[in-house]
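Student: Hi! Could we walk through this one together?
Tutor: Happy to, here it is.

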Amino acid sequence: MGEVILVSSGKGGTGKTMFSVNLGAILAKYGYRVMLIDMDMGLRNMDLYLGMEDRVIYNLMDVLTGMCRINKAMIKVDGFETLYFMAASPRKDERDITQLHMRVLCDKLKGIFDFIIIDCPAGNGEMLDVSIAPADKAIIVTEPEIAAVRDADITERYIMENGIEDTRIVLNKVDVDLMNRGLLPDVSVVAEIFNGPLVGVIQNDDNIRISTNKGIPIVIKRGTYIEKNFKSIASRVISNNSR
Ligand SMILES: Nc1ncnc2c1ncn2[C@@H]1O[C@H](COP(=O)(O)OP(=O)(O)OP(=O)(O)O)[C@@H](O)[C@H]1O
Ligand SMILES: [Mg+2]
């Protein structure tokens with residue numbers, strides 16, 4: 001049976017979608033079957049980061065409202081044998097989706113995929129609530145800014161209060177120079193704030209920004225320090241023992 005991983009942050013723009021796409025890509029490179037789900041209704045980006053924006057016909061909302069069957073909305077990502085995604089709807093959708101809808105959908109997907117990665121929108125809103133329902137664990141992606149860390153802390157508590165015990169933290173957009181000069185909160189200081197363990201530190205790197213703009217997951221490029229870093233983050237994300 002597959003595992004459902006929720007990716008959340010609290011504050012916007014911390015790198016949730018970049019992280020989801022590259023985590024999915026690296027797991028698929030290992031041969032796992034991976035489904036990426038974009039929950040950011042109305043402000044979807046995942047299709048762009050995967051370079052697949054021209055291929056979306058049906059989206060997640062169409063599946064959840066019974067407009068189409070699941071496989072119509074499952075889009076295989078070019079260049080990967082085992083990486084698929086489901087797009088969010090392009091407009092803020094008035095149609096109701098419930099926790100039960102997401103549970104039923106993910107139960108079906110768990111029979112097909114090893115990992116289902118749900119990329120949530122920023123904030124602790126309705127889409128987070130419906131995404132928590134099927135999730136087995138949560139990754140909180142934050143950055144070393146006091147506002148981002150506070151919001152991530154609040155989000156982690158919220159997720160735990162809603163029944164997910166297994167939370168893990170990824171610190172993204174780390175500027176080592178500023179951190180070393182004491183101008184940004186230190187990795188160890190950030191790590192102590194959270195309940196879950198820190199499973200990854202990702203540097204602020206223009207190559208990551210360029211890759212999302214090109215629509216090519218950066219981990220595709222072999223032999224880079226970023227690929228290596230994502231490999232070890234992925235192994236800590238999927239391990240059962242988070243400590
Ligand atoms: N480590 C990094 N180094 C440089 N740029 C990064 C890094 N991580 C993410 N970015 C850039 O930051 C921007 C926001 O990333 P992304 O869209 O993944 O954030 P998000 O948390 O999903 O945002 P939202 O809250 O809007 O969904 C993008 O331009 C992305 O390329
Ligand atoms: Mg996003």
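Tutor: One definition before we start: Ala, Val, Leu, Ile, Met, Phe, Trp, Tyr, Cys and Pro count as nonpolar, Asp, Glu, Lys and Arg as charged, and the others, Gly among them, as polar. Also keep in mind that this is a predicted model.

Student: Good. With those classes, how does the shell around ligand 1 divide?
Tutor: Into five nonpolar, ten polar and five charged residues.

Student: And which residues are the closest to ligand 1?
Tutor: Gly12, Gly15, Thr17, Met18 and Thr212 are the closest, out of 20 residues that surround the ligand. Helix H1 (16–29), strand E7 (167–174) and helix H10 (206–214) are the elements that each give two or more residues to that shell.

Student: Let's stay with H1. How many of its residues are buried?
Tutor: 14 of the 14, so H1 is largely enclosed by the rest of the structure. The end C-alpha atoms of H1 are 20 Å apart, which agrees with the 20 Å that its 14 residues should span at 1.5 Å a residue. Just after H1, Gly31 takes a positive phi of about 100°.

Student: Switching to the sheet: what's the strand order?
Tutor: E3-E4-E2-E5-E1-E6-E7-E8, eight strands in an open sheet with mixed pairing.

Student: Which strands stand at the edges?
Tutor: Strand E3 (75–76) and strand E8 (198–203). Each has a single partner strand, so one side of each is left without a neighbour in the sheet.

Student: How do E3 and E4 run, parallel or antiparallel?
Tutor: Antiparallel, joined by two bridges. Lys76 stands opposite Tyr84 in E4. The two strands form a hairpin with six residues between them, and Gly79 in the turn has a positive phi of about 90°.

Student: What about E4 and E2, parallel or antiparallel?
Tutor: Those run parallel, with four bridges joining them. Val34 has Leu83 of E4 as its bridge partner. Over on E6 (residues 137–142), the pairing with E7 is also in the parallel sense, over five bridges, and Thr142 has Leu171 of E7 as its bridge partner.

Student: Back to E4: which residues cover its two sides?
Tutor: Leu83 and Phe85 are on one side, Tyr84 and Met86 on the other, and all of them are buried. That fits a general pattern: in a regular strand the side chains alternate between the two faces of the sheet.

Student: Now helices again. Which residues of H5 are buried?
Tutor: Met102, Leu105, Cys106 and Leu109. They cover an arc of only 95° around the axis, which puts them on the same side of H5. On the other side, Leu100 and Lys108 are exposed.

Student: What do the buried ones pack against?
Tutor: Strand E1 (3–8), strand E2 (34–38), helix H3 (60–64), strand E5 (115–119) and helix H6 (126–132).

Student: And H11, which of its residues are buried?
Tutor: Phe230, Ile233, Ala234 and Val237. Seen down the axis of H11, these fall within an arc of 105°, so they line one face of the helix. Tyr225, Lys228 and Ser232 are exposed on the other side.

Student: Why would spacings like that line up on one face?
Tutor: An α-helix has 3.6 residues a turn, so residues three or four places apart point the same way.

Student: Last one: what covers the buried face of H11?
Tutor: E1, H1, E6, E7 and E8 are included in what covers those buried residues.

Technical notes:
Residues are numbered from 1 along each chain as its sequence is written. Chains are lettered from A and ligands numbered from 1 in the order in which they are written. This is a predicted model: local features need pLDDT of at least 70, side-chain atom pairs count only at pLDDT 80 or more; totals for chains, interfaces and linings use all residues. A residue is near a molecule or strand if its C-beta atom, placed from the backbone, lies within 6 Å of it. A residue is buried if 20 or more other C-beta atoms lie within 10 Å of its own, exposed if 12 or fewer, and partly exposed in between; C-beta atoms are placed from the backbone. The arc is that of the directions from the helix axis to the C-beta atoms. Two residues are in contact if their C-beta atoms, placed from the backbone, lie within 7 Å. Two strands pair if DSSP finds at least two bridges between them. The expected span of a helix is 1.5 Å times one less than its number of residues.
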